[in-house]
Amino acid sequence: MINYEVTYLYSKEDNFDKKLTKFLRLRNISNIDIEKNVLDIINQVKTNGDSALINMINTFDKITCTNLENIRIENKLLKKAFDELPIDLKNAMKLAFKRIKSFHEKQKPSGFDYEDEIGVNLGLKYSPIKRVGFYTPGGKALYPSSVLMNAVPALVAGVEERVLVSPINLEKSSEILLAAAYLAEVTEFYRMGGAQAIAALTFGTEKLKKVDKIVGPGNAYVAEAKRQLYGKIGIDSVAGPSEILIVADKNNNPKWVAIDLLSQAEHDENAQSILITNDEKFAKDVEEQVIKLLQTLPRKEIASTSWYNNGLILIVEQISECIDIINNIAPEHLQLCIENPKVYLNDIKNAGSIFLGSFTPEAIGDYIAGPNHVLPTGGTARFSSGLSTNDFLRRTTFVQCNQYNLNELGKHAEILADAEGLDAHRMSLYYRRNTK
């Protein structure tokens, strides 16, 4: 149900913090029915393997499947889709790939290897995860940008086996997704989605080899499956609906800000768009532009539901007030449409990705800027970060002692082991120090 009236909050009103907290709390309400359904799907796939997966692909994905070879897309079809793209689209995708790859190459960490003052050799090395699964939506809309953002960092990290799953319908102009998969150099592509795909990648089946980690956003069932299976499988995050928070003063074009708010609202009925400004007239102008622009959008029903049910316009006295509010909200996307936005950059601790200035709309980050668009949602930017090259690497430490430095350190380690009551630990050190 849509109330067709966006919510306003004023920082000067009584109980502002409580009202904002109550508003934000709505984004984290869980759905018990989804939890139960996903658990059932997971157990069926875990127990019955291929037969359960094939049945669910036919039922939920509406894809005719008698065995998993029916849903595997060979590399030659991916290449054909890429080769046949219109030249302008092909060039745009190649530029996006180049920029995303370049940005993520700069993230690659280097290990270290050194000797301390008593000659103990210490170090840390990085190794890529061997097999990773990428989930890409393929139902309401196709997102080739999601393929690039998920698969390219894994490619840069050196992941050997890169498996893409998406419930696409080959009869419905899905070539752009196949082309993106080719460009991102995925090694396997299966047409399946939902919680069943997450379960199959986690446990493997008779015909599908399990992966070590799954990344990529999906619907509520996909997110819930990742949440339930975390620990049995590595994940990037439990992604929620898209979010944008825009801080804008009156020196902005209201139409620009309005369409930026709607750029996230059109994703999903549960997406959240928030405007913070210190000028109430500007806020009303933006709201008026939102109303006009909604009538022009092909996805206006989705965007309208999102805006009126989850949108918020927040009026502050001074722009400087925004810092605490931003860090409290911890938005997925933050646009600072203000003069000298970098002045505030170091004070903003909680945000998935920050877009500085009026000429840097969030949409540039979704496609081609370079940083990843797979970002923390639902306030989780307080403790997590967007997808990066590091998410596909494992850190391993190493130590090498000799007789001299083991003797120097071991006597102290023995004392600590004895204090913990772990005698075998103590003796492991003692024997080496006292046996010729």
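I started with helix 2, whose buried residues pack against helix 3 (50-60), helix 8 (194-203) and helix 9 (220-229). Contact here means heavy atoms within 4.5 Å. Helices are DSSP runs of H or I with at least four residues, strands are E runs of at least two, and both are numbered from the N terminus.

I noted the ground rules next. This is a predicted model, where local features need pLDDT of at least 70, side-chain atom pairs count only at pLDDT 80 or more, and totals for chains, interfaces and linings use all residues. Residues are numbered from 1 along each chain as its sequence is written, and side-chain values use heavy atoms, leaving out hydrogens and water.

I looked up which residues of helix 2 are buried (under 20% relative accessible area, 1.4 Å probe, protein chains only). They are Ile34, Val38, Ile41, Ile42 and Val45. They sit on the same side of helix 2, because their arc around the axis is only 100°; the arc is taken from the directions from the helix axis to the C-beta atoms.

I then turned to the face away from that buried side. Asp33, Lys36 and Thr47 are exposed there, exposed being over 50%.

I checked the length of helix 2. Its 17 residues (32-48) should span 24 Å at 1.5 Å a residue, and the end C-alpha atoms are 24 Å apart, which agrees. The expected span is 1.5 Å times one less than the number of residues. Just after helix 2, glycine 49 has a positive phi of about 55°.

Last, I took in the whole protein chain. I found 16 helices and 14 strands. Of its 436 residues, 49% are buried. The C-alpha trace spans about 85 × 60 × 45 Å along its principal axes.
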